[in-house]
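Grab a pencil and have the viewer open. Below are a few short exercises, each followed by a worked solution.

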Amino acid sequence: MIEFHPVTMHIGAEVTGVDLRKPLSQEEVATLRAGWLRHLVLFFRDQHIDDEQHLQFALNFGTLNHPAFKKDSASPIHVLDQTSPKGEGGDEWHSDNTFEPTPPMGSLLRCVQLPSVGGDTCWANTYLAYETLSPSLQRLCDELTAVHDITMSMKKAIAKGHPFDLAEIQAKWPPVERPVVRVHPETGRKALFVNRASTTRLVGLTERENEALLPLLIDHIRSPEYQLRLRWRPGTLAFWDNRPTQHYAVADYTERRRMHRVTINAFPEHADK
């Protein structure tokens, strides 16, 4: 029987009673989806699966998304193989690819190889980030939109030696404008939807107002009561909802860390309306 064991009061649960090497029944998929919507991030321990099993598990919940930074578009698996992660972009609070016209619904990240110490990942609940704002600030945020732009992330990647063509990427992914407060299409709850990696400005505010308000909103999700921290083990898979969460890859290691990720878009019935 599938069971969910909460990791913190507000976010995260470890899942037992399921073997990801085997196909899931419709009932199991429905149970996992309900737990995922409730806990926002699910952790599956001791699941020593291969890439094909990883992919098939992911496709129970959405359609394949090819991340913008992925160079090998033929492979559905994005391999994160790092020994010097500082400044690569994962080491700041973010939701994945919010600069895309339709940001991905979620990701499934599997641990393959770890350094001897370090390499944890943190997640934060952005429902709570919105709900704990003052009512006056909530009302203001409800009316605002923000610009999301790939440029900041690309400049960091290029500075780390990745051979991207900035102009080409900017032409492919022009800035997009989206609400500061996102209403989850499945739960109806509101979540704060700005992040340090991609959000560049609040639309309709002066430069000085942006300098005051945008950092406040971005930093608000850093409160520990909204967060959890996962210590990985080989065979651990994390499955998170990208819509009401942000995550942070702790860059505290200099040995090899190898993770395999599948990113998914929502099925039409679960997409933003």
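## Exercise 1: one helix and its surroundings

The buried residues of α2 pack against the helix α1, the strands β3, β4 (63-65) and β6 (106-113), and also β14 and β16. Keep in mind that this is a predicted model.

**Task.** Work out which residues of α2 are buried, and why they line one face of the helix.

**Solution.** Start by picking out the buried residues: His54, Leu55, Phe57 and Ala58. Next, look down the axis of α2: these buried residues fall within an arc of 160°, so they line one face of the helix. Finally, check the N-terminal end, where Asp50 acts as the cap of α2. One of its side-chain oxygens sits 3.2 Å from the backbone nitrogen of Glu52.

## Exercise 2: the largest nonpolar core

**Task.** Find which residues of the largest nonpolar core touch the most other members, and which element supplies the largest share.

**Solution.** This core has 25 residues, and the ones touching the most other members are Val15, Leu32, Phe44, Phe57, Phe239 and Ile264. Now trace the elements: at least two residues each come from β2 (13-16), α1 (26-39), β3 (41-44), α2 (51-58), β14 (237-241) and β16 (257-265). The largest share belongs to α1, with four residues.

Then zoom in on Ile264. Leaving out residues up to four places away in sequence, Ile264 touches a list that includes Ala58, Phe61, Pro104, Met105, Leu108 and Phe239. Apart from this core lies another one, of 23 residues, with Ala129, Cys141, Ala146 and Leu213 among them.

## Exercise 3: two open sheets

**Task.** For the sheet β9-β8-β12, say which strands stand at the edges. Then do the edge strands of β13-β7-β15.

**Solution.** Take β9-β8-β12 to begin with: three strands in that order, paired antiparallel, form an open sheet. At its edges are β9 (176-179) and β12 (199-202); each has a single partner strand, so one side of each is left without a neighbour in the sheet. Ignoring direction, neighbouring strands here are turned by 35° against each other on average. For the pairing itself, three bridges join β8 (residues 145-148) to β12, and His148 stands opposite Thr199.

Over to β13-β7-β15, an open sheet of three strands with antiparallel pairing. Its edge strands are β13 (227-230) and β15 (245-249), each pairing on one side only. From one strand to the next, the twist averages 20°. Four bridges join β7 (residues 121-125) to β13, with Cys122 opposite Arg229.

Methods. Residues are numbered from 1 along each chain as its sequence is written. This is a predicted model: local features need pLDDT of at least 70, side-chain atom pairs count only at pLDDT 80 or more; totals for chains, interfaces and linings use all residues. Side-chain values use heavy atoms; hydrogens and water are left out. Two strands pair if DSSP finds at least two bridges between them. Axes are lines fitted to C-alpha atoms, for helices over the stretch in contact, and angles run from 0 to 180 degrees between N-to-C directions. A nonpolar core is a set of buried Ala, Val, Leu, Ile, Met, Phe, Trp, Tyr and Cys residues joined through side-chain atoms within 4.5 Å. Buried means under 20% relative accessible area, exposed over 50%, partly exposed in between (1.4 Å probe, protein chains only). Contact means heavy atoms within 4.5 Å. The arc is that of the directions from the helix axis to the C-beta atoms. A polar contact is a pair of N or O atoms within 3.5 Å; within protein, one must be able to donate a hydrogen and the other to accept it, and residues adjacent in sequence count only if both atoms are side-chain atoms.
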